[in-house]
Amino acid sequence: MTTASAAPHASAPTVVDVATAADWPPQHDGHWVTGILVVHNGAQWLPRTLAALRSLERPPDRIVVVDAGSEDDSAQVLRSAGDLIDQVVSMPPETTFGRAVAAAVREMPQPPSAGGSAPAP
């Protein structure tokens, strides 16, 4: 799992990617799927959401989570799901949903080119 943080009005969060080259690219069907999950004090719902992501017949290749200033146990729940989550971007609590998604898109890694057949996320 990756952890990132940002000052309230920073242009881009700081991101540390902990995924290794061995787990990228994942085995897939030729389509690249990235899941983006925006969280704000969602510890109560995260276990169910993460379980649903794990149970997908075709799981995302990468999952990027944006934590918008959670003050509950969201960070702990996300850490416990580290094998499922590739990146966590921390943003301030006043971050709007749209800005959170935009931050995730900016920070997610581009899929490797497989002869030009892998689209950008």
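## Buried or exposed

A residue counts as exposed when its relative accessible area is over 50%, as buried when that area is under 20%, and as partly exposed in between. Asp-83 has a relative accessibility of 63%, so Asp-83 counts as exposed. Arg-54, at 42%, counts as partly exposed. These values come from a predicted model.

How much of the chain is buried? Of its 121 residues, 36% count as buried.

## The overall plan

The chain holds three helices and five strands. Along the sequence they follow the pattern β-β-β-α-β-α-β-α.

Contacts often span long stretches of sequence. Take the contacts between residues at least 6 apart in sequence: 70% of them join residues at least 24 apart.

## Strands β4 and β5

Strand β4 covers residues 62-68, and it pairs with β5 in the parallel sense. Five bridges make up the pairing. Which residue of β5 stands opposite Asp-67? It is Ser-90.

Helix α2 (residues 74-80) joins these two strands in a β-α-β unit. The unit is right-handed. Strand β5 (residues 87-91) is mostly covered, with four of its five residues buried. In a regular strand, side chains alternate between the two faces of the sheet.

## Three salt bridges

How many salt bridges does the structure hold? There are three. One of them joins the side chains of Arg-54 and Asp-83, with N and O 3.0 Å apart. Arg-54 lies in helix α1, while Asp-83 lies in the loop between α2 and β5, so this pair ties together parts that are 29 residues apart in sequence. As noted at the start, Arg-54 is partly exposed and Asp-83 is exposed.

Another bridge links Asp-86 and Arg-62, and here the closest N and O atoms are 3.6 Å apart. This pair also links distant parts of the chain: Asp-86 is in the loop between α2 and β5, Arg-62 is in strand β4, and they are 24 residues apart. Are these partners buried or exposed? Asp-86 has a relative accessible area of 12%, so it is buried. Arg-62 is buried too, at 4%.

There is also a bridge between Asp-61 and Arg-58, whose closest N and O atoms are 3.2 Å apart. Asp-61 is buried because its relative accessible area is 10%, under the 20% limit. Arg-58 has 29%, so it is partly exposed.

## Two nonpolar cores

In soluble globular proteins, nonpolar side chains tend to be buried together. The largest nonpolar core here has 14 residues. Which members touch the most other members? They are Leu-37, Leu-46, Leu-50, Ile-63, Val-65, Leu-84 and Ile-85. Four elements give two or more residues each to this core: β3, α1, β4 and α2. The largest share, three residues, comes from α1.

Ile-63 shows what such a residue touches. Leaving aside residues up to four places away in sequence, Ile-63 contacts Gly-35, Leu-53, Leu-84, Ile-85, Asp-86 and Gln-87. A second core is separate from the largest one and has eight residues. Among them are Val-64, Val-66, Ala-100 and Ala-104.

## Two loop residues

Where is Thr-95? It sits in the loop between β5 and α3 (97-107). Its relative accessible area is 15%, so Thr-95 is buried even though it is in a loop. The side chain of Thr-95 reaches the backbone oxygen of Pro-92 at 2.7 Å. Thr-95 also touches Ala-68 and Ala-100, not counting residues up to four places away in sequence. Ala-100 appeared above as a member of the second core.

Asn-41 belongs to another loop, the one between β3 (34-39) and α1 (46-54). Most residues other than glycine have a negative phi. Asn-41 is not a glycine, yet its phi is positive, at about 50 degrees. Asn-41 has a relative accessible area of 28%, so it is partly exposed.

Technical notes:
Residues are numbered from 1 along each chain as its sequence is written. This is a predicted model: local features need pLDDT of at least 70, side-chain atom pairs count only at pLDDT 80 or more; totals for chains, interfaces and linings use all residues. Side-chain values use heavy atoms; hydrogens and water are left out. Buried means under 20% relative accessible area, exposed over 50%, partly exposed in between (1.4 Å probe, protein chains only). Two strands pair if DSSP finds at least two bridges between them. A crossover is right-handed if, with the strands pointing away from the viewer, the path from the first strand over the helix to the second runs clockwise. A salt bridge is a side-chain nitrogen of Lys or Arg within 4 Å of a carboxyl oxygen of Asp or Glu. A polar contact is a pair of N or O atoms within 3.5 Å; within protein, one must be able to donate a hydrogen and the other to accept it, and residues adjacent in sequence count only if both atoms are side-chain atoms. Contact means heavy atoms within 4.5 Å. A nonpolar core is a set of buried Ala, Val, Leu, Ile, Met, Phe, Trp, Tyr and Cys residues joined through side-chain atoms within 4.5 Å.
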